[in-house]
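The exercises below are meant to be worked through with the structure open, one after another. Each task is followed by a solution that goes step by step.

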Amino acid sequence: MTGANSGVGLETTRQIIKQGGHVVMGCRRVDVAQTVANGFAGLAGSHDIIRLDLADLASVREFVAAFLRNYDRLDGLAGNAGMVNMQGDLVLTKDGFEQTIGISYFGHFLLTELLLEILKATPGSRIVLLSSVVHAGSRRSRPRVHLDDLTYRSRSFSNFAAYAEAKVANILYMAELARRLEDTGVSTASVHPGWARSNFGSGGGLGMRIAMSLMRPLIRFVSNSNEESAQTSLHCLLSDDAPKHSGAYFSQQSVLYRDRECRKGGWPMQSPNPHARDMDIAKQLVNLSYDLVGLNRTR
């Protein structure tokens, strides 16, 4: 479970442990993860914490090596970690990726690909990767992945456009991977968990912090609790029905969809964004990603 120390990731972790499961928490700040994990005392299940910084591909490889030394099965891989750059300026990861897509997509891509063999060796395993309602855009403007410039070398940077593009990439990846994993017993899903009341989107400048503070009373009326937001991920990880729709997009209800017919959500539902359903682009994205993260296409 990435992003397991806060928000939807923490609540999803808590619910699985409560039901007797064992969760490996992949977190950048181990001390924070340990503090929140103290709250699991008395629950039926158990947990482990391994450091994971999705903005650093070397850290991803170190996490996988540590996991494989300690475990011989993986029933579910849940990619909850993500971010939006609230500062507004282009920030690059250690590996030269734009920070938003570097964490939300490329870090999870490498993590997933390196764990595919143990997932395939575990009967009925599942892969869940968070997307967002933001990927849908509007009828006038649908976000897409820019295969010719994923790292913003030649185009202007927009923080929320970058976030939307990363979430389109996550949907495309889960759809492509589902086709690749047909007949292996491994299923995939992309998820919009709802607008959770978490610390997501924090860290902006003074103006943004003031705006968020003023909006906080309204947000409670249109957002979901972390417990509510975790339900779609839990459905994809635990239900008998979800694997029948491998590669699909699952969405919590959300008033944030610009397409009114999508606001009720669906388990699963079709994305209103045609760019998120383009399998040719999905295959090109994955092939390019192999090169960019330094993997040989042998999987």
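**Exercise 1.** In this predicted model, decide whether Tyr 152 is buried or exposed, and then describe how the ring of Tyr 152 is placed relative to the ring of Phe 157.

*Solution.* Begin with Tyr 152, whose relative accessibility is 6%; since buried means under 20% relative accessible area, Tyr 152 counts as buried. The same cut-off is then applied to Phe 157, which has a relative accessibility of 19% and therefore also counts as buried. Before turning to the rings, recall that a pair of aromatic rings is described by the distance of the centres and the angle of the planes. For Tyr 152 and Phe 157 the centres are 5.3 Å apart and the planes stand at 75 degrees, and because planes over 60 degrees apart count as edge-to-face, this pair is edge-to-face. One further neighbour completes the picture of Tyr 152, namely Arg 155, which lies over the face of the ring at 3.8 Å from its centre.

**Exercise 2.** Find how many aromatic pairs there are in total, and classify the pair formed by Tyr 105 and Phe 109.

*Solution.* The count of aromatic pairs comes to nine. In the pair of Tyr 105 and Phe 109, the ring centres are 5.8 Å apart and the planes are at 40 degrees, so the pair is tilted. As for where these residues sit, both belong to helix α4, which covers residues 99–114, and they are four residues apart, about one turn of the helix. Tyr 105 and Phe 109 are both buried. They also belong to one aromatic cluster, whose other members are Phe 97, Phe 106, Tyr 173 and Tyr 290.

**Exercise 3.** Locate Ser 233 in the secondary structure, and work out which residues it is in contact with beyond its neighbours within four places in sequence.

*Solution.* Ser 233 is placed in helix α8, which runs over residues 226–238. Its relative accessible area is 2%, and because this is under 20%, Ser 233 is buried. Leaving aside the neighbours within four places in sequence, Ser 233 is in contact with Thr 12, Asn 80, Val 128, Leu 130 and Val 191.

**Exercise 4.** Determine which residues line the largest cavity, and which strands each supply at least two of them.

*Solution.* Rolling a probe the size of a water molecule over the atoms shows where empty space is left. The structure holds one cavity of 30 Å³ or more, and about 30 Å³ of space lies in the largest cavity. Its lining consists of Arg 126, Ile 127, Val 128, Ser 187, Thr 188, Ala 189, Cys 236, Ala 242, Pro 243 and Ser 246. At least two lining residues come from each of β4 (126–130) and β5 (187–192). Sorted by class, the lining has six nonpolar residues, three polar and one charged.

**Exercise 5.** Describe the second largest pocket by its volume, and find which element gives the largest share of its lining.

*Solution.* The volume of the second largest pocket is about 470 Å³. Of the 25 residues that line this pocket, His 22, Leu 74, Asp 75, Gly 76 and Leu 77 lie nearest its centre. The elements β1 (22–27), α3 (57–70), β3 (76–79) and α8 each supply at least two lining residues, and the largest share, four residues, comes from β1. By class, the lining of this pocket divides into 16 nonpolar, five polar and four charged residues.

Technical notes
Residues numbered from 1 in each chain as written. Predicted model: local features only at pLDDT ≥ 70, side-chain atom pairs only at ≥ 80, totals over all residues. Heavy atoms only, no water. Buried < 20%, exposed > 50% of the residue type's maximum accessible area, 1.4 Å probe, protein only. Contact = heavy atoms within 4.5 Å. Phe/Tyr/Trp six-rings, centres within 6.5 Å; stacked < 30°, edge-to-face > 60°. Lys NZ or Arg CZ within 6 Å of the ring centre and 35° of its normal. 1 Å grid on protein atoms, 1.4 Å probe; cavity = no way out; pocket = protein on both sides within 12 Å on 5 of 7 lines; lining within 4 Å. Points joined across faces, edges and corners; volume = space filled by probe spheres on them. Nonpolar A, V, L, I, M, F, W, Y, C, P; charged D, E, K, R; others polar.
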